[in-house]
Amino acid sequence: MCRITAAGKEAAVARFVQEFPRAPQAGRDHPALRGCDDIAWADFPGCPAGVGALLRGLPAAACEAERVLCNVLMDGVFRLGPAMPAALPFLLRLAVDPAVPVRTGLVEVLLVVAELSHPVDGGGEQAIRFLGSDRDRPERALCRAVFAEHADLVRGLLDDRTLPDGFIPPDERASLLKVATP
């Protein structure tokens with residue numbers, strides 16, 4: 001399975017900061033990002049310290065910040081990284097802000113995170129082999145807890161009329177609602 005190493009994640013953040021040196025300052029005052037600099041991102045296994053810079057870079061260098069952020073917060077194609085639950089409140093708050101340039105991209109990320117947050121242990125041996133057991137991937141339950149804690153944002157996002165019509169298909173709406181309901 002395709003995995004990005006911790007060193008690869010660090011290098012990606014360093015390239016982003018070098019290429020967009022002003023971007024991390026641009027979002028410093030965004031209300032959705034309050035507290036992102038208080039998190040010790042590097043304390044999460046395989047997570048670079050620069051996640052806060054990527055989150056703050058979303059308003060200025062939107063597409064590249066989103067791309068690097070997604071790569072950093074995932075442990076592979078179908079695996080949430082250990083830092084995803086800590087980043088999720090910021091992603092939710094940014095996604096409900098119509099002024100965020102990559103808002104629709106963030107909504108798509110949230111839909112993927114919601115789908116990957118569903119419990120797997122009851123899904124059969126093949127699912128466990130492919131996705132890992134819930135015991136081995138505690139970030140799934142932690143993400144469900146974050147979605148539930150921020151259920152008002154999830155419902156607001158699903159009711160938002162500023163998103164394109166049909167942007168969130170019915171099955172993905174149901175998946176998002178399911179993880180946001182304790």
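## Close-up views of a predicted model

**Figure 1. Lining of the second largest pocket.** The residues that line the second largest pocket are Leu157, Leu158, Asp159, Asp160, Arg161, Leu163, Pro164, Asp165, Gly166, Phe167, Ile168 and Arg173. The model shown here and in the following views is a predicted one. The volume of this pocket is about 160 Å³. Helix H9 makes the greatest contribution to the lining, with 3 residues.

**Figure 2. The buried and exposed faces of helix H9.** Ala151, Val154, Leu157 and Leu158 are the buried residues of H9. These four lie on the same side of H9, because they cover an arc of only 120 degrees around its axis. In an α-helix, residues three or four places apart point the same way, because there are 3.6 residues a turn. On the face of H9 turned away from the buried side are the exposed residues Asp152 and Asp159. The buried residues of H9 pack against four helices, namely H5, H6, H8 and H10. Two of the buried residues, Leu157 and Leu158, also appear in the lining of the second largest pocket, as does the exposed Asp159.

**Figure 3. The buried face of helix H8, with Arg140.** In H8, the buried residues are Glu139, Arg140, Cys143, Val146 and Phe147. Seen down the helix axis, they fall within an arc of 120 degrees and therefore line one face of H8. Arg140, a residue of H8, has a relative accessible area of 5% and is therefore buried. Although Arg140 and Pro82 are 58 residues apart along the chain, their C-alpha atoms are separated by 9.2 Å. Arg140 is also in contact with Leu116.

**Figure 4. The surroundings of Leu116 in helix H6.** Leu116 belongs to H6, which spans residues 103-117. The relative accessibility of Leu116 is 13%, and the residue therefore counts as buried. Beyond its neighbours within four places in sequence, Leu116 is in contact with Met74, Val77, Phe78, Arg79, Leu80 and Arg140. Glu139, which is one of the buried residues of H8, stands 23 residues from Leu116 in sequence, with a C-alpha to C-alpha distance of 9.7 Å.

**Figure 5. Leu111 of helix H6 and its contacts.** Leu111 is also found in H6. Its relative accessibility is 9%, which means that Leu111 counts as buried. With neighbours within four places in sequence left aside, the contacts of Leu111 are Ile168, Glu172 and Leu176. Among these partners, Ile168 also lines the second largest pocket. The C-alpha atoms of Leu111 and Glu64 are separated by 19 Å, with their positions 47 residues apart along the chain counted as the sequence separation.

**Figure 6. Val179 in helix H10.** Val179 has its place in H10 and counts as buried because its relative accessibility is 3%. Neighbours within four places in sequence aside, Val179 is in contact with Ala114, Ser117, His118, Arg144, Phe147 and Ala148. One of these partners, Phe147, is among the buried residues of H8. Val179 and Pro59 are 120 residues apart along the chain, and 27 Å separates their C-alpha atoms.

**Figure 7. The largest nonpolar core.** This core has 54 residues, and those with the most contacts inside it are Trp41, Leu55, Leu91 and Phe147. The elements that each give two or more residues to the core are helices H1 (6-19), H3 (51-57), H4 (62-73), H5 (84-95), H6, H8 (139-149), H9 (151-159) and H10 (170-180). The greatest contribution to this core comes from H5, with 9 residues. Trp41 is in contact with Cys36, Cys47, Pro48, Ala49, Val51, Gly52, Leu55, Ala83, Ala86, Ala87 and Phe90, its neighbours within four places in sequence being left aside.

**Figure 8. Cysteines without disulfides, illustrated by Cys47 and Cys63.** The structure holds 0 disulfides. Cys47 is in no disulfide, and the nearest cysteine sulfur, that of Cys36, lies 12 Å away. With a relative accessibility of 7%, Cys47 therefore counts as buried. Cys63 is likewise in no disulfide, and the nearest cysteine sulfur, belonging to Cys70, is 11 Å away. Cys63 counts as exposed because its relative accessibility is 62%. Both Cys36 and Cys47 are among the contacts of Trp41.

Note on methods
Residues are numbered from 1 along each chain as its sequence is written. This is a predicted model: local features need pLDDT of at least 70, side-chain atom pairs count only at pLDDT 80 or more; totals for chains, interfaces and linings use all residues. Side-chain values use heavy atoms; hydrogens and water are left out. Buried means under 20% relative accessible area, exposed over 50%, partly exposed in between (1.4 Å probe, protein chains only). Contact means heavy atoms within 4.5 Å. A nonpolar core is a set of buried Ala, Val, Leu, Ile, Met, Phe, Trp, Tyr and Cys residues joined through side-chain atoms within 4.5 Å. A disulfide is a pair of cysteine sulfur atoms within 2.5 Å. The arc is that of the directions from the helix axis to the C-beta atoms. On a 1 Å grid over the protein atoms alone, a cavity is a set of points where a 1.4 Å probe fits but cannot get out, and a pocket is an open set with protein on both sides within 12 Å along at least five of seven lines; lining residues have an atom within 4 Å of a point. Grid points are joined across faces, edges and corners, and a volume is the space filled by probe spheres set on the points.
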